[in-house]
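Trainee: I would like a close look at a single part of this protein. Please take me through it slowly, and then on to what lies around it.

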Amino acid sequence: MASSIGGFRVCSQMGGSGGGGGDESGFCTLMEYVGKGGADVGDDLVVLFAHLQYAAKRIAALVASPVNSNLGKQAGIAGGGGGSDRDAPKPLDIVSNEIILSSLRNSGKVAVMASEEDDAPIWLTDGGPFVVVTDPLDGSRNIDASIPTGTIFGIYNRLVGIDHLPVEEKALRNSLQSGTGLIAAGYVLYSSATILCTSFGSGTHAFTLDHSTGDFILTHPSIKIPPRGQIYSVNDARYFDWPDGLRRYIDTVRQGKGRYPKKYSARYICSLVADFHRTLMYGGVAMNPRDHLRLVYEANPLSFLVEQAGGRGSDGKSRILSLQPVKLHQRLPLFLGSSEDMEELESYGDVQQTVNPGYEV
C-alpha cells in the first residue's frame, strides 16, 4: 500500500512483522513495489523487472550522453561498403535493442523476446516463464533535437502447451498473443525526467528515476486518466489526407462545438511515448490514423496501460486488446485516450486514414 509524503509515495508493509517497506528515505522504490511489500507480483516477475529497470537506466544514460549524436549521424557507416563493420557506430535504437536483449537473457526468466528491431522473435531460455515484446527506442529520430524518446514493453506468460513445437514456430506463436493475454506492460519516458510507467493488471503506476540513488521512486500511484480532456495529439499537417469522419471530428472539437463545449488545443510531439504520457496525465486523445504503428510492440502495451487507467485504446473501430495479431510487425491506426473523448471520436465513424501520398514516413 502507499501513502503520500511531500508529493512522493511511501510503501507500507502489507503483512508480516518486518516493519514498513520503502528505502531509508521512506519512499517506495519500483523493486519494493513489485515485491512482497507492495504489489507482490511473484518472484519471477520481480527478477524480470530488476533487469528491465537496469536496461532502462542504461538507455537513459545513453540517450543523454553527448556522444549519442555521433552514434546517430554515423549510423550509415554500419553495413555499408567493404571490409568489417564490427567497430562502426550503431544507431541508438539498435544499441538499445542490444541492451534490452542482454538484460532479458541475463534475467533467466524470458523464453522469447520479440522486438521491433528484429525480423523474427529470439528464443532466449528454455523454461523461461515469460515472453517480452518491445519497441526498444521509440522516437529515436528525434534524439538530435533533444525531443523525448521512450521504450515500450509488454509481458506475457509463455504458452507451455506449444513447447513441443520447433523453436522458430513456438517463438512466433508466443509473440503473437492477443493483448488480452498481457500480464504486465509499461513504457519508459526519457525526458527532463526518466519515468517508468507500468501496470500488472491492477491499475497504472509511474515511477521516476532518482539520479542520486539510482532508484525508480513511486511518484504517480493508481493513475486515472480524466474521462474528458481538452487536447488532441495528431499530425494535422496531413488533414487533407484524412477521411471525412476524422476531419469533421477535429473541426468540431477545436471549435468547441463537440459534446464538451470548450475549444480543444493541439499538442503533438511526434514521439509516441511522450504524446501518450501527456495524454495519460491530462486526458484527451493521442492518435495516428494511418496504418503505421505496430500492434504487437506499441498498440497492445499502451492500450493495456490506458485501459488500466480508465481510458480506451482503439484502431478507430475496434478495441485494440481484442485484436488477434497475424503478423509480427503488423501495423494499424491507433487512438488512445480518455473514455468520453474516445467514444465521441468513434461516433464519427470513418476515422482511419487509408491513403498516405507524398510522405516518406
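Trainee: Which element gives the most residues to the lining of the largest pocket?

Mentor: Strand β13 gives the most to that lining, with eight residues. Bear in mind that the model is predicted.

The pocket itself comes first. It holds about 740 Å³ of space. Its lining is made up of 33 residues, and those nearest the centre are Asp138, Cys270, Asn288, His292 and Leu293. The elements that give two or more residues to this lining are β5 (130-138), α7 (272-282), β13 (285-294) and β15 (331-337). By kind, the lining residues divide into 12 nonpolar, nine polar and 12 charged.

One of the residues nearest the centre of the pocket is Cys270. Cysteine 270 sits in the loop between β12 (265-266) and α7. Its backbone has a positive phi of about 65 degrees, although cysteine 270 is not a glycine. Its relative accessible area is 44%, so cysteine 270 counts as partly exposed. Cysteine 197, in contrast, is buried because its relative accessibility is 0%. As for bonds between cysteines, a search of the whole structure finds zero disulfides.

Another residue with a positive phi is serine 146, at about 60 degrees, and serine 146 is not a glycine either. Serine 146 is found in the loop between β5 and β6. With a relative accessible area of 67%, serine 146 lies over the 50% cut-off and therefore counts as exposed.

Next comes helix α8, which covers residues 295-308. The helix is mostly covered, with 12 of its 14 residues buried. Among the buried ones are Leu295, Tyr297, Glu298, Asn300, Pro301, Phe304 and Leu305. In general, an α-helix has 3.6 residues a turn, so residues three or four places apart point the same way. Just after α8, glycine 310 takes a positive phi of about 95 degrees.

Leu305 leads on to threonine 198, since the two are in contact: threonine 198 touches Phe49, Phe153, Ala185, Gly186, Gly203, Thr204, His205, Phe207 and Leu305, leaving out residues up to four places away in sequence. Threonine 198 belongs to strand β8 (residues 194-199). It has a relative accessible area of 0%, which means that threonine 198 is buried. The side chain of threonine 198 also reaches the backbone oxygen of alanine 185, at 2.8 Å.

Phe153, one of the contacts of threonine 198, also lines the largest cavity. The count comes to one cavity of 30 Å³ or more, and about 80 Å³ of space lies in the largest cavity. Its lining consists of Leu52, Gln53, Ala55, Ala56, Ile59, Ile100, Thr134, Thr151, Phe153, Val188, Tyr190 and Leu196. The elements that give two or more residues to this lining are α2 (43-63), β6 (149-157) and β7 (184-190). Helix α2 gives the most, with five residues. The lining of the cavity divides into nine nonpolar residues, three polar ones and no charged ones. The lining of the largest pocket, by comparison, has 12 charged residues.

Last is arginine 254, a residue in helix α6 (residues 244-254). Its relative accessibility is 32%, so arginine 254 counts as partly exposed. The side chain of arginine 254 makes a polar contact with the side chain of aspartate 251, at 3.4 Å. Leaving aside neighbours within four places in sequence, arginine 254 is in contact with Tyr232, Asp236, Tyr239, Lys263 and Tyr264. Arginine 254 and glutamine 230 are 24 residues apart in sequence, and their C-alpha atoms are 9.0 Å apart in space.

To return to the part you asked about: strand β13 gives eight residues to the lining of the largest pocket, and Cys270, in the loop between β12 and α7, is among the residues nearest the centre of that pocket.

How values were computed: Residues are numbered from 1 along each chain as its sequence is written. This is a predicted model: local features need pLDDT of at least 70, side-chain atom pairs count only at pLDDT 80 or more; totals for chains, interfaces and linings use all residues. Side-chain values use heavy atoms; hydrogens and water are left out. On a 1 Å grid over the protein atoms alone, a cavity is a set of points where a 1.4 Å probe fits but cannot get out, and a pocket is an open set with protein on both sides within 12 Å along at least five of seven lines; lining residues have an atom within 4 Å of a point. Grid points are joined across faces, edges and corners, and a volume is the space filled by probe spheres set on the points. Helices (H or I, at least four residues) and strands (E, at least two) are DSSP runs, numbered from the N terminus. Ala, Val, Leu, Ile, Met, Phe, Trp, Tyr, Cys and Pro count as nonpolar, Asp, Glu, Lys and Arg as charged, and the others, Gly among them, as polar. Buried means under 20% relative accessible area, exposed over 50%, partly exposed in between (1.4 Å probe, protein chains only). Contact means heavy atoms within 4.5 Å. A polar contact is a pair of N or O atoms within 3.5 Å; within protein, one must be able to donate a hydrogen and the other to accept it, and residues adjacent in sequence count only if both atoms are side-chain atoms. A disulfide is a pair of cysteine sulfur atoms within 2.5 Å.
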